[in-house]
Amino acid sequence: NDKDYVFISIGRDRLNKGLYTGEARKQKIERTKNLRKRLYDFLEVIKKNGANLVLIGDIPKVCRDDMLYTPNIIRLGRINLCDTKKSISLEDRKAMNNIFLEIAQSSNNAIYVDPHDALCIEEICRTVDKEGNLLYSDSSPHLSEYNKTILKNYWEKILKKIGISDV
């Protein structure tokens, strides 16, 4: 595959009103419209250059914004404080993902991928994996050193599907 690929992932907090409290938030309408327009403009640049755009859905938001992650989760192991229903996490990122889906469906040069569910256990998104190992090193959430490869199989499948890798 000789094409270039541009990967974009955007955190949902930029498009949502207020702090995350464990419930889905309302979107910032003007910011959402602005993002949509800018992504379509960028897609035109991508097309002119014969490349493809890969839009990546946001990963789960598991902790409330007021959570003191290091003392509560890492030091004291209170992992249940950050359990979030998958449906709430999905709803909280809906505005952004709808834009990504719309763009991907409207162009042969855009692809939408979504690793969200690969980081949840059934209907709950947590700070730990199935074996109880910490997924995130902070509340941002950045993947922990221990689980830095948790999405390896997911990405291998995606890259193979879009023709970037033959692994």
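1. Two strands are taken to pair if DSSP finds at least two bridges between them. On that footing, this predicted model contains an open sheet of three strands in the order 3-6-5, with antiparallel pairing. Strand 3 and strand 5 (120–121) stand at the edges with a single partner strand each, so one side of each is left without a neighbour in the sheet. Between strand 5 and strand 6 (residues 124–125) the antiparallel pairing runs over two bridges, and Cys-120 stands opposite Cys-125 in strand 6.

2. Those facing cysteines are also covalently joined, since a disulfide connects Cys-120 to Cys-125 with an S to S distance of 2.0 Å. The link of Cys-120 and Cys-125 is right-handed, with 80° about the S-S bond, and both Cys-120 and Cys-125 are buried. It is one of two disulfides that the structure holds, and when bonded cysteines are counted along the chain the pattern is 1-2, 3-4.

3. The other link deserves separate attention: Cys-63 and Cys-82 form a disulfide in which the sulfur atoms are 1.9 Å apart, and with 105° about the S-S bond this link of Cys-63 and Cys-82 is right-handed. Cys-63 lies in the loop between strand 2 (52–56) and helix 2 (69–75), while Cys-82 lies in the loop between helix 2 and strand 3 (84–85), so the pair ties together parts that are 19 residues apart in sequence. Both Cys-63 and Cys-82 are buried.

4. Cys-63 also belongs to the largest nonpolar core, which has 20 residues and in which Val-54, Cys-63, Val-113, Leu-119 and Tyr-136 touch the most other members. The elements that give two or more residues to this core are strand 2, helix 2 and helix 5 (152–161). Leaving aside neighbours within four places in sequence, Cys-63 is in contact with Tyr-20, Tyr-69, Cys-82, Thr-127 and Ser-139. Apart from the largest core lies another, of 15 residues, among them Leu-15, Leu-35, Ala-51 and Ala-110.

5. Which residues does Arg-93 contact, once its neighbours within four places in sequence are left aside? They are Arg-12, Gly-57, Asp-58, Tyr-112, Asp-114 and His-116. Arg-93 sits in the loop between helix 3 (86–92) and helix 4 (94–106), and because its relative accessible area is 3%, Arg-93 counts as buried.

6. A search of the whole structure finds two aromatic pairs. The rings of Phe-7 and Trp-155 have their centres 6.3 Å apart and their planes at 70°, so this pair is edge-to-face. Phe-7 lies in strand 1 (residues 5–9) and Trp-155 in helix 5, so the pair ties together parts that are 148 residues apart in sequence. The second pair, Tyr-154 with Trp-155, is edge-to-face as well, at 5.4 Å centre to centre and with 85° between the planes. Ring pairs thus link Phe-7, Tyr-154 and Trp-155 into a cluster.

7. On the accessibility of that cluster, a cut-off is needed, because buried means under 20% relative accessible area. Tyr-154, at 18% relative accessibility, therefore counts as buried, whereas Trp-155, at 21%, counts as partly exposed. Phe-7 counts as partly exposed too, with a relative accessibility of 36%.

Conventions
Residues numbered from 1 in each chain as written. Predicted model: local features only at pLDDT ≥ 70, side-chain atom pairs only at ≥ 80, totals over all residues. Heavy atoms only, no water. Disulfide = S-S within 2.5 Å. Helix = DSSP H or I, 4+ residues; strand = E, 2+ residues; numbered from the N terminus. Buried < 20%, exposed > 50% of the residue type's maximum accessible area, 1.4 Å probe, protein only. Core = buried A, V, L, I, M, F, W, Y, C linked by side-chain atoms within 4.5 Å. Contact = heavy atoms within 4.5 Å. Phe/Tyr/Trp six-rings, centres within 6.5 Å; stacked < 30°, edge-to-face > 60°.
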